[in-house]
Amino acid sequence: MKKIVFISGATKGIGYKVAQQLASHNFTVLIGARNIQQGDAAVEKLRSDGADAHFIPIDVNDESSVKSAAEAITKQLGKVDVLINNAGVNYEFQLGTRPSMLSVDILKDTFGANFFGAFAIIHNFIPLLKQAGAARIINVSSTLGSLTSLSNPEHFFYGVNSLAYNSSKTAWFFSSCYAKLTIKVPS
Ligand SMILES: NC(=O)c1ccc[n+]([C@@H]2O[C@H](COP(=O)([O-])OP(=O)(O)OC[C@H]3O[C@@H](n4cnc5c(N)ncnc54)[C@H](OP(=O)(O)O)[C@@H]3O)[C@@H](O)[C@H]2O)c1
């Protein structure tokens, strides 16, 4: 049976590229996206290259949407072998925000997508992952989330102080630990 990968935020950028590459390795790819037009367009493009691709609507900020995505996959395919938590936002880069200019709303929205969203997907996809037998979870973090890199004066990113993005990505390292522990729980 073909391996199934679900990728959040997969209509463009890194997520789309990963979908293309895994499809070329015979994975069934589930394209998670909050924008229906973009989701349909990405799936159409992947299919035109021969991929077995399906669009799964999902807004990672909305747990009811995450639950619906898990239910749709349960009905259509019954398992997920690889979950890639790729969806992410970086409002500070877009706005050029310094910590002194950061609003509580931007901090909350960044954690909402980058950390709580990933957590919500893992939490709601556990039954699907257990169905796969030897599932894997990949959380796309960032060097900007690495305390080691940011503390090193020699490092390229030393002094990049995007508080919301960096700290939300550091938190993903902990969600990786959560995921590993969870998947070891027998079904
Ligand atoms: N690019 C880099 O250099 C770099 C480096 C290190 C880590 N990363 C990480 O890699 C991942 C992908 O980055 P990228 O550069 O490919 O970014 P991107 O092109 O902006 O793609 C991000 C994707 O996440 C989706 N997304 C955001 N919020 C969402 C939500 N609430 N629900 C569903 N989807 C949502 C976006 O959908 P919409 O189109 O609807 O907004 C988009 O498809 C991110 O987690 C990023 O932090 C990137």
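Contact here means heavy atoms within 4.5 Å. Keep that cut-off at hand for this tour of a predicted model, in which local features need pLDDT of at least 70 and side-chain atom pairs count only at pLDDT 80 or more, while totals for chains, interfaces and linings use all residues. Residues are numbered from 1 along each chain as its sequence is written, and side-chain values use heavy atoms, with hydrogens and water left out.

**Stop 1: Asn86**

Select Asn86, in the loop between β4 and α4. Helices (H or I, at least four residues) and strands (E, at least two) are DSSP runs, numbered from the N terminus. Which residues does Asn86 touch, leaving aside its neighbours within four places in sequence? Show Ile7, Ser8, Gly9, Ile14, Gly15 and Val140 to see these contacts. Asn86 is buried, at a relative accessible area of 13%; buried means under 20%, exposed over 50% and partly exposed in between, with a 1.4 Å probe and protein chains only.

**Stop 2: the largest pocket**

Stay with Asn86 and add Gly9, Ala87, Gly88 and Val89: of the 31 residues lining the largest pocket, these five lie nearest its centre. The elements giving two or more residues to this lining are α1 (13-24), β2 (28-33), α4 (91-95) and α7 (163-183). A pocket is an open set of points on a 1 Å grid over the protein atoms alone, where a 1.4 Å probe fits, with protein on both sides within 12 Å along at least five of seven lines; lining residues have an atom within 4 Å of a point.

**Stop 3: helix α1**

Now colour α1. Its 12 residues should span 16 Å at 1.5 Å a residue (1.5 Å times one less than the number of residues), and the end C-alpha atoms are 17 Å apart, which agrees. Pick out the buried Gly15, Tyr16, Ala19, Leu22 and Ala23. They cover an arc of only 130° around the axis, so they sit on the same side of α1; the arc is that of the directions from the helix axis to the C-beta atoms. Turn to the other side of α1 for the exposed Gly13, Ile14 and Ser24. The buried residues pack against β1 (4-8), β2, α2 (36-48) and β4 (82-85). Just after α1, check Asn26, whose phi is positive, near 75°.

**Stop 4: helix α2**

Move on to α2, where Gly39, Ala42, Val43 and Leu46 are buried. Their arc is only 95° around the axis, which puts them on the same side of α2. What covers them includes α1, β2 and β3 (52-57). On the face turned away from the buried side, find the exposed Gln37, Glu44 and Ser48.
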